[in-house]
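Please open the model in a viewer and keep the selection panel at hand. The tour below proceeds by selection, one stop after another.

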Amino acid sequence: MKKTAIQKPEGLTEVLLHACCAPCSSAIVEWMLANGVRPTIFYYNPNIYPREEYDIRKNESKRHAESLGLRWIDGDYDHEAWLGGVCGLEGEPERGRRCEQCFTLRLTRAAQEAKTLGLTYFTTTLASSRWKSLEQIERAGHLAEKAVEGTLFWAQNWRKGGLYERRNQLLKEFAFYNQRYCGCEFSLRQRELQESQSSQL
């Protein structure tokens, strides 16, 4: 029997979806609803810098959820605590140890929220981005489920099954704000450096 691109855990009807932004959530949420899974969207991204950028992404995520009649939860913003969580890893490159620590912090919080809501499974839109390491995300998710008893991480490559292409279509349909960098000040500096170097060529 041929395996489909998206593998839904057997019997799953509800899940906590950690959402990094509306564009990355859109195709995943659409797939879930079409396949009998109702997500509760949990927006928890204290890594995002500056605050203005965080608020724009948060409001777009909330707008998307409300347009579909889905429950949306604000995980609150504590950037200083996040900086403490990645202390010593500031100089790491993108896809380095800082990113994996960031994923672990955010997914552990997502697992805690899932448990509070009485949901067994949690997953994340982080695994939809071609800029992220799927291996890092999966390791972080499994560390989170071990840290929060009674939860299970739904490890899924959300780029598959045409979802990445559908994401780009929905981005235009909803007229979402589309960010140009991952989120933290370290990824922002790297993006600015790359743009500066490109302009000098």
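Is Glu 94 buried, exposed or partly exposed? This model is a predicted one, and in it Glu 94 has a relative accessible area of 27%, so it counts as partly exposed.

**First stop: Glu 94 and Arg 98.** Select both residues and display their side chains. They meet in a salt bridge, with 2.8 Å from N to O. Arg 98 counts as buried, because its relative accessibility is 2% and the cut-off for buried is under 20%. The bridge therefore links a partly exposed Glu 94 to a buried Arg 98.

**Second stop: Glu 92 and Arg 97.** Move the selection to this pair. Glu 92 forms a salt bridge with Arg 97, and the closest N and O atoms lie 3.1 Å apart. Glu 92 is partly exposed at a relative accessible area of 21%, whereas Arg 97 is exposed at 53%.

**Third stop: Arg 166 and Glu 173.** Select these two next. Their salt bridge has its closest N and O atoms 3.2 Å apart. Glu 173 is exposed, with a relative accessible area of 55%, while Arg 166 is partly exposed at 23% relative accessibility. Now add Glu 30 to the selection: salt bridges with shared partners join Glu 30, Arg 166 and Glu 173 into one network. The count for the model comes to 10 salt bridges, among them the pairs Glu 94 with Arg 98, Glu 92 with Arg 97 and Glu 173 with Arg 166.

**Fourth stop: helix H1.** Select residues 22–34, which make up helix H1. How far apart are the end C-alpha atoms of H1? They are 18 Å apart, in agreement with the 18 Å that 13 residues should span at 1.5 Å a residue.

Next, colour the helix by accessibility. Of the 13 residues of H1, 10 are buried, so the helix is largely enclosed by the rest of the structure. The buried residues include Cys 24, Ile 28, Val 29, Trp 31 and Met 32.

**Fifth stop: the surroundings of H1.** Which elements cover the buried residues of H1? Among the strands, display S1 (14–19), S2 (38–43) and S4 (121–124), which are included in this cover. Then add helices H2 (51–67) and H6 (163–173), which also belong to the cover.

**Last stop: Gly 36.** Finally, centre the view on Gly 36, just after H1, where phi is positive at about 75 degrees.

Methods. Residues are numbered from 1 along each chain as its sequence is written. This is a predicted model: local features need pLDDT of at least 70, side-chain atom pairs count only at pLDDT 80 or more; totals for chains, interfaces and linings use all residues. Side-chain values use heavy atoms; hydrogens and water are left out. A salt bridge is a side-chain nitrogen of Lys or Arg within 4 Å of a carboxyl oxygen of Asp or Glu. Buried means under 20% relative accessible area, exposed over 50%, partly exposed in between (1.4 Å probe, protein chains only). Helices (H or I, at least four residues) and strands (E, at least two) are DSSP runs, numbered from the N terminus. The expected span of a helix is 1.5 Å times one less than its number of residues. Contact means heavy atoms within 4.5 Å.
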